[in-house]
Amino acid sequence: MNPYMEELVLDPSGKGLFEFTHDLVEVVERSGITTGLATVFLCHTSASLVIQENADPSARRDLESVLDRLVPENDPIYTHTAEGSDDMPAHIKAALTHTSEQIPISGGRLVLGTWQGIYLWEHRRFPGKRRLVIHIGGCR
Amino acid sequence: MNPYMEELVLDPSGKGLFEFTHDLVEVVERSGITTGLATVFLCHTSASLVIQENADPSARRDLESVLDRLVPENDPIYTHTAEGSDDMPAHIKAALTHTSEQIPISGGRLVLGTWQGIYLWEHRRFPGKRRLVIHIGGCR
Amino acid sequence: MNPYMEELVLDPSGKGLFEFTHDLVEVVERSGITTGLATVFLCHTSASLVIQENADPSARRDLESVLDRLVPENDPIYTHTAEGSDDMPAHIKAALTHTSEQIPISGGRLVLGTWQGIYLWEHRRFPGKRRLVIHIGGCR
């Protein structure tokens with residue numbers, strides 16, 4: 001069976017973790033695929049993807065503050081500074097997290113653990129829209 | 001051909017890197033798939049996956065001690081502290097490593113390099129059982 | 001349709017980010033697959049893969065210098081030192097970045113964003129040849 005592909009456009013309001021698990025669930029439903037693998041690919045280098053706890057918002061806030069401290073703005077080591085003080089940190093944060101994520105599908109559902117959600121991790125203060133390509137392979 | 005899926009349950013004794021390459025090799029054999037791609041997905045957010053050197057145990061010990069120092073317990077920056085001092089570091093370590101790994105299959109075998117093994121990287125001191133879903137797509 | 005597989009050998013001159021987007025584009029063309037998913041797997045544990053900005057070389061230089069500072073050589077915490085001062089840092093850098101990357105294919109082309117390129121991130125000063133296995137699943 002041919003793979004199913006769909007583009008998803010997210011519109012993050014600024015830096016932080018934005019959950020889109022529900023959007024992905026809808027894409028899986030539209031695909032009609034019941035056993036397979038969903039791959040999410042982010043078409044950008046200053047944001048990233050992460051699968052993380054979706055129960056307590058404090059965990060996401062801490063992820064954000066720890067990464068901000070680990071990769072600060074205005075670090076004198078940066079030479080790539082023309083696109084703003086949050087640009088080079090954004091590239092580094094993206095390299096340390098993920099451009100794509102995979103989640104298997106069984107019985108028509110993503111096999112996410114009880115506390116898992118999938119997030120766009122936006123690393124720029126004033127991002128534009130973010131484009132994701134979802135590829136779902138498998139069978140009906 | 002339909003994808004093959006199987007669940008693997010690991011029972012790590014505490015923090016550290018636990019190799020399960022041999023378990024994955026057995027899943028690949030049971031799948032009967034000779035050319036394809038194995039995807040391993042971990043259904044948890046306080047442990048992670050990594051493909052690393054399986055020759056010298058000192059490399060794994062150093063990975064563990066470096067990550068422990070980079071993401072310490074009891075950091076005053078944390079607000080998500082209700083689940084124990086090793087919980088928030090576990091989420092951060094998981095975000096900085098991987099929730100899924102992929103390994104191609106050729107001639108019925110994983111195409112791992114000579115020194116590569118696949119590991120569950122457990123980040124909690126008293127973890128329960130850890131559930132992994134293996135998805136194998138390809139052909140016989 | 002059976003997956004397409006091909007091995008790619010890169011010969012990095014030393015540490016740093018080496019783009020191989022064009023090589024991957026050629027593999028996709030040879031595969032004949034027009035809708036699907038390309039997975040790149042690196043068969044080594046002291047180098048890694050990353051999808052990053054391919055416009056301005058200063059971004060790559062900064063990625064390299066930030067990672068070098070985050071994971072320095074000759075750190076007294078290391079016990080795995082027999083293979084040279086750049087070996088243990090190389091394993092850690094690989095664990096913090098990626099052993100595999102996925103890029104969907106649509107209309108016979110990788111759906112990379114405008115500024116995205118795929119890189120071998122070499123972490124050793126005198127590496128040998130680096131072997132990558134490309135797996136492409138999908139349909140014509």
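**Three chains around a rotation axis**

Of the residues of chain B, B:Leu96 comes closest to the rotation axis, its C-alpha lying at 3.3 Å. This is a predicted model, in which local features need pLDDT of at least 70 and side-chain atom pairs count only at pLDDT 80 or more, while totals for chains, interfaces and linings use all residues. Residues are numbered from 1 along each chain as its sequence is written, and chains are lettered from A and ligands numbered from 1 in the order in which they are written.

A turn of 120 degrees with a shift of 0.0 Å along the axis lays chain B on chain A with an RMSD of 0.0 Å, the copies being superposed by least squares on the C-alpha atoms of residues with pLDDT of at least 70 in both. That is the relation of a three-fold axis. Chain C can likewise be laid on chain A by a turn of 120 degrees and a shift of 0.0 Å along the axis, with an RMSD of 0.0 Å, and among the residues of chain C it is C:Leu96 that comes closest to the rotation axis, at 3.3 Å (C-alpha).

Where chain B meets chain A, 23 residues of chain B are in contact with 31 residues of chain A, contact meaning that the C-beta atoms of two residues, placed from the backbone, lie within 7 Å. On the chain B side, β3 (35–42), α3 (87–96) and β8 (130–139) each supply at least two residues; helices (H or I, at least four residues) and strands (E, at least two) are DSSP runs, numbered from the N terminus. The largest share of this side, five residues, comes from α3(B).

Between chain C and chain A, 31 residues of chain C are in contact with 23 residues of chain A. Here α2(C) gives the most to the side of chain C that touches chain A, with eight residues. Only 6% of the interface residues of chain C are also interface residues in chain A, so the copies meet through different surfaces.

Helix α3 of chain C (residues 87–96) has 10 of its 10 residues buried, so it is largely enclosed by the rest of the structure. A residue is buried if 20 or more other C-beta atoms lie within 10 Å of its own, with C-beta atoms placed from the backbone. The buried residues of α3(C) include C:Asp87, C:His91, C:Lys93 and C:Leu96. What covers the buried residues of this helix includes α3 (87–96) of chain A, β4 (47–53), α2 (57–70) and α3 of chain B, and β4 and α2 of chain C.

How values were computed
A residue is buried if 20 or more other C-beta atoms lie within 10 Å of its own, exposed if 12 or fewer, and partly exposed in between; C-beta atoms are placed from the backbone.
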